[in-house]
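Me: I have a structure open and some questions about how its pieces fit together. Can we go through them one at a time?

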Amino acid sequence: WYQRRVRGLSFYTGVPDSLLQDFCAYVDDNLPPEQHVITANEGAAVAVASGYHFATGKIGIVYMQNSGFGNAVNPLLSLADPQVYSIPMLVFVGWRGEPGKKDEPQHIVQGKRMAGMLSSMSINYEVLPDYIEGAKEAIAGAVQHMKNRNSPFVFLVKRQTFLPYRKKETADSENYPLREQVLNILLDEAGRWDSFVCTTGFTSREMYELRVQRKEDHDRDFLTVGSMGHASAIAFGIALGKPSRQVVCVDGDGALLMHMGTLATIGTRKPKNFKHIILNNNAHESVGGQLTGAFSVDVPALAKSCGYTHVASASTEQEVREGIKKLLKESSGPALLEIKIRTGARANLGRPKHTPAQSKDLFMHFLRS
């Protein structure tokens with residue numbers, strides 16, 4: 001599978017996924033930049049593949065997790081559909097929450113509806129076979145379908161479909177703190193009535209375990225287990241609804257880039273009780289470590305241009321402690337602190353024991369107390 005291009009299709013674009021981790025790592029390591037683009041969100045990947053087709057007449061390959069498929073629905077229907085611009089593209093979708101498989105609640109909800117969503121959108125799809133002869137035959141059929149109909153074709157990809165591939169090591173700054181160190185400092189400096197909205201992935205999982213280690217309640221934290229990129233909007237809504245409480249959004253660089261327009265919404269409304277922390281490791285760490293490109297973005301300047309009243313950046317433990325203290329205790333919102341961190345999480349990192357509904361109820365009770 002990895003030894004050759006997919007029947008001459010040589011342009012790849014998408015958002016990394018845990019089930020496609022080996023596929024994504026191989027593509028990232030072995031294709032030149034002009035043939036592979038990691039986009040900020042899944043809808044953008046569909047649009048990039050469309051533009052590539054306009055320019056070359058060739059079919060692009062798009063990849064994503066089914067959790068992010070909702071971001072792609074609009075351009076798949078209003079751009080690529082045969083009744084609109086009729087654009088062929090081969091789409092690989094990691095099938096988290098596949099029926100009959102154990103998974104997290106948010107993935108189970110999405111997984112059992114995935115096939116029905118594709119059918120309702122009149123998009124032809126198959127489950128990608130997990131053996132090479134079957135995969136070759138299925139892809140050949142998909143390519144013929146795309147050429148005949150000029151429309152997208154989707155492969156749902158089950159867990160362990162691709163052979164293991166170890167991504168090449170990338171340069172990392174050992175001087176940057178780890179995410180868990182930063183979260184510990186944040187909890188040290190936080191006030192009793194501060195509430196937290198944590199982005200999806202390792203951040204929420206580490207926050208949960210730190211509360212356990214510190215023997216603290218979980219009711220102050222909303223852990224955004226799905227809805228990547230929307231933690232800041234959730235926190236913004238809380239800040240508007242509860243102006244007497246300080247609300248801290250603990251965000252990631254990939255999540256920030258995915259729905260960056262929320263910065264402008266927050267900056268325009270200027271909630272004084274809204275504080276925004278960006279944990280920037282320049283990587284989609286929890287799904288394989290592919291780069292987000294966030295180290296090339298001036299995040300504080302971006303937030304400032306959107307109307308944030310206070311912005312800063314930190315990259316050492318001392319700067320982090322001083323920056324968090326100033327953010328939480330001395331700055332009026334909306335205020336943002338970018339913290340550059342290195343990749344890495346504990347091998348034994350667990351997952352929250354509360355159900356999402358239980359966590360929501362605890363959090364709402366805290367906000368109303």
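**Strands, helices and loops**

Reply: Start with one pair of residues: G14 has Y63 as its bridge partner in strand 3. Keep in mind that this is a predicted model.

Me: How many bridges pair strand 1 with strand 3?
Reply: Strand 1 covers residues 12-14. Strand 1 and strand 3 pair in the parallel sense. The G14 and Y63 partnership involves strand 3. The number of bridges between strand 1 and strand 3 is three.

Me: In what order do the strands of the open sheet with strand 2 and strand 5 at its edges run?
Reply: This open sheet has six strands, with parallel pairing. Strand 2 (36-38) and strand 5 (124-127) each have a single partner strand, so one side of each lacks a neighbour in the sheet. The twist averages 20 degrees from one strand to the next. The order is 2-1-3-4-6-5.

Me: Which residue in strand 4 is the bridge partner of G60?
Reply: Strand 3 (residues 60-65) and strand 4 (residues 89-94) run parallel and are joined by six bridges. Further along, M64 stands opposite V93 in strand 4. For G60, the bridge partner is M89.

Me: Are the residues of strand 3 buried or exposed?
Reply: In a regular strand, side chains alternate between the two faces of the sheet. On one side of strand 3 are G60, V62 and M64; on the other are I61, Y63 and Q65. Both faces are covered. Six of the six residues in strand 3 are buried.

Me: How is helix 2 oriented relative to helix 3: roughly parallel or roughly antiparallel?
Reply: Helix 2 spans residues 42-56 and helix 3 spans residues 69-80. Their axes are 6 Å apart, and the packing angle is about 30 degrees. Angles under 35 degrees count as roughly parallel. That makes helix 2, relative to helix 3, roughly parallel.

Me: How many charged residues are in the contact of helix 2 with helix 3?
Reply: From helix 2 come E42, G43, V46, A47 and S50. They meet N71, A72, P75, L76 and L79 in helix 3. The contact divides into six nonpolar residues, three polar ones and, as for charged, one.

Me: Does N41 count as buried or exposed?
Reply: N41 lies in the loop between strand 2 and helix 2. Leaving out residues up to four places away in sequence, N41 touches V15, N71 and M258. Its relative accessibility is 18%. The cut-off for buried is under 20%, so N41 counts as buried.

Me: What is the order of the strands in the open sheet that has strand 8 and strand 13 at its edges?
Reply: Six strands form this open sheet, and the pairing is parallel. Strand 8 and strand 13 (310-314) have a single partner strand each, so each has one side without a neighbour in the sheet. From one strand to the next, the twist averages 15 degrees. The order is 8-7-9-10-14-13.

Me: Which residue in strand 14 is the bridge partner of L279?
Reply: Strand 10 covers residues 274-280 and strand 14 covers residues 335-340. They pair in the parallel sense over six bridges. The bridge partner of L279 is I339.

Me: At what angle to strand 10 does helix 6 run?
Reply: Helix 6 (residues 179-189) lies across strand 7 (195-198), strand 9 (247-252), strand 10 and strand 14. Helix 13 (residues 356-368) lies across strand 7 and strand 8, at about 150 degrees to strand 7. For helix 6 and strand 10, the angle is about 160 degrees.

Me: In what sense, left-handed or right-handed, does helix 8 cross helix 10?
Reply: Helix 8 and helix 10 (residues 262-269) pack with their axes 10 Å apart, at an angle of about 20 degrees. They are therefore roughly parallel to each other. S232, A233, F236 and L240 in helix 8 meet T262, T265, I266 and R269 in helix 10. The crossing is left-handed.

Me: How far apart in space are H230 and L256, C-alpha to C-alpha?
Reply: H230 sits in the loop between strand 8 (221-223) and helix 8 (231-241). With 32% relative accessibility, H230 counts as partly exposed. In sequence, H230 and L256 are 26 residues apart. In space, the C-alpha to C-alpha distance is 8.4 Å.

Conventions. Residues are numbered from 1 along each chain as its sequence is written. This is a predicted model: local features need pLDDT of at least 70, side-chain atom pairs count only at pLDDT 80 or more; totals for chains, interfaces and linings use all residues. Side-chain values use heavy atoms; hydrogens and water are left out. Axes are lines fitted to C-alpha atoms, for helices over the stretch in contact, and angles run from 0 to 180 degrees between N-to-C directions. Helices (H or I, at least four residues) and strands (E, at least two) are DSSP runs, numbered from the N terminus. Angles under 35 degrees count as roughly parallel, over 145 as roughly antiparallel, 65 to 115 as roughly perpendicular and the rest as oblique. Contact means heavy atoms within 4.5 Å. Ala, Val, Leu, Ile, Met, Phe, Trp, Tyr, Cys and Pro count as nonpolar, Asp, Glu, Lys and Arg as charged, and the others, Gly among them, as polar. Buried means under 20% relative accessible area, exposed over 50%, partly exposed in between (1.4 Å probe, protein chains only). Two strands pair if DSSP finds at least two bridges between them. A crossing is left-handed if the near helix is turned anticlockwise from the far one by less than a right angle, and right-handed if clockwise.
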